[in-house]
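Welcome! Here are some short exercises, each with a worked solution, to help you find your way around a protein you have not met before. Take a look at the model, then try each task before reading on.

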Amino acid sequence: MIRSRTSARFGGKRAVGSAAAALLALGAAVGVGAPASAAAVVKINCPSAACVQVASGVGGTPYSTVDGAGSLYLTFGGGEAFGGELHQVNLKTGAVRTVATGLGNLRGVAVAGAYAYVASFDGALQKVDIATGSHTTLASGLQALFGVGRHGNTTYATDGQGELIAVPDGGKARVVSSAVGFSEGIAFSASGLVYTADMGAGNIVETNPATGVSRILASQAYEPTSISVGTDGQVYFLFGDEVIRLNPATGQQTNVRDLEDPGIFEFSLTPGGSTAYAVDQVGGVWRINDVTGQ
């Protein structure tokens, strides 16, 4: 089953109007992966033993990420009840803590160590101390930002112009590639290759940050989300309600799970594991076990 994410997630706070349709075409594309295999697929129903609600009332459908220490982090856009705020959810107790406020019209969030990194529609990239809530601006005056990720000593972000931006610690923002399309998420291979999911064109894109070369690994007819890299080095993403495993070397796709819940449009894969967490349309947080089938 294919569910529309655009009307549910891009109205109001994430509205981009016709911007997605105007994104740059991928000029450095190399090949398109084979369609997902049609073997028997394990279906995960929510709620069930494989999909358990761990918190509720966290608010709307925020951007989110999970760390490896038992917390989920949420950001909220400027027009929402918690606009401009970064929240932390304790995944064991369900308790919610406000980490910081006044961060602007927020979009993506990434966590590395003791810090969260947040991107805003206002074109600012900020670093937030999770313990104290203090924050510093890493870059500003950029295009509207959406996805954000952290690898090594560099923070990466995607913008509404189809660009991948890199901001090294203590350095200035630079455009790595102008060919990633509209992606809300960023994932990394062990060697530092960058993976994005272009929701406008439906492409899964790999970018070498050293050379700026981007290539299409796979192409879908619908909005891929939840771009992740598993411990097996494979790329995972959500296509409608299908969890797809993509081999970045061969382009082969495998449908490994079906999520039977109409309110979940994206998930965050736990670092070093196969468990994912998702926030539904009414602010419920769900733990999804063995989402990668590994």
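**Exercise 1. The largest pocket**

Which strands each supply at least two residues of the lining of the largest pocket?

Solution. Keep in mind from the start that this is a predicted model.

- Step 1: Begin with the space itself, which comes to about 840 Å³ in the largest pocket.
- Step 2: Turn to the lining, which is made up of 38 residues. Nearest the centre of the pocket lie Thr 65, Ile 186, Ala 187, Ile 227 and Leu 269.
- Step 3: Now look for the strands. At least two lining residues come from each of β4 (63–66), β8 (106–112), β12, β16 (186–188), β20 (224–229) and β24 (268–269).
- Step 4: Find the main contributor. With six residues, β20 gives the most to this lining.

**Exercise 2. The chain as a whole**

Describe the secondary structure of the chain, and then its buried share and its surface.

Solution.

- Step 1: Go through the secondary structure: the chain has one helix and 26 strands.
- Step 2: Of the 294 residues in the chain, 55% are buried.
- Step 3: For the surface, about 11,300 Å² is exposed, and 52% of that is supplied by carbon and sulfur atoms.
- Step 4: Consider contacts between residues at least 6 apart in sequence. Of these, 47% join residues at least 24 apart.

**Exercise 3. The nonpolar cores**

Which residues have the most contacts inside the largest nonpolar core?

Solution.

- Step 1: This core has 16 residues, and those with the most contacts inside it are Cys 51, Val 243, Leu 259, Ile 264, Phe 267, Ile 288 and Val 291.
- Step 2: Check which strands take part. β21 (235–239), β23, β25 (276–279) and β26 (285–288) each supply at least two residues of the core.
- Step 3: Zoom in on Val 243. Leaving out residues up to four places away in sequence, Val 243 touches ten neighbours you can pick out by name: Tyr 236, Phe 237, Leu 238, Thr 254, Asn 255, Val 256, Arg 257, Leu 259, Phe 267 and Val 291.
- Step 4: Another core, of 13 residues, lies apart from the largest one; its members include Ala 187, Tyr 222, Ile 227 and Val 235.

**Exercise 4. The salt bridges**

How many salt bridges does a search of the whole structure find? Work through three pairs and say how buried or exposed each partner is.

Solution.

- Step 1: The search finds four salt bridges.
- Step 2: In one of them, the side chains of Lys 43 and Asp 258 meet at 3.2 Å, N to O. Lys 43 sits in strand β2 (residues 42–45) and Asp 258 in strand β23 (residues 253–260), so the pair ties together parts that are 215 residues apart in sequence. Lys 43 is exposed, at 51% relative accessible area, whereas Asp 258 is buried, at 9%.
- Step 3: Arg 150 and Asp 169 also form a salt bridge, at 2.8 Å, N to O. Arg 150 belongs to strand β12 (residues 145–151), while Asp 169 is in the loop between β14 (164–168) and β15 (174–177), 19 residues apart. With a relative accessible area of 17%, Arg 150 is buried; Asp 169, at 44%, is partly exposed.
- Step 4: Finish with Arg 215 and Glu 206, whose closest N and O atoms are 2.8 Å apart. Arg 215 is partly exposed, at 26%, and Glu 206 is buried, at 10%.

Terms used: Residues numbered from 1 in each chain as written. Predicted model: local features only at pLDDT ≥ 70, side-chain atom pairs only at ≥ 80, totals over all residues. Heavy atoms only, no water. Helix = DSSP H or I, 4+ residues; strand = E, 2+ residues; numbered from the N terminus. Buried < 20%, exposed > 50% of the residue type's maximum accessible area, 1.4 Å probe, protein only. Contact = heavy atoms within 4.5 Å. Areas by Shrake-Rupley, 256 points an atom, 1.4 Å probe, with all protein chains shown as cover. Core = buried A, V, L, I, M, F, W, Y, C linked by side-chain atoms within 4.5 Å. 1 Å grid on protein atoms, 1.4 Å probe; cavity = no way out; pocket = protein on both sides within 12 Å on 5 of 7 lines; lining within 4 Å. Points joined across faces, edges and corners; volume = space filled by probe spheres on them.
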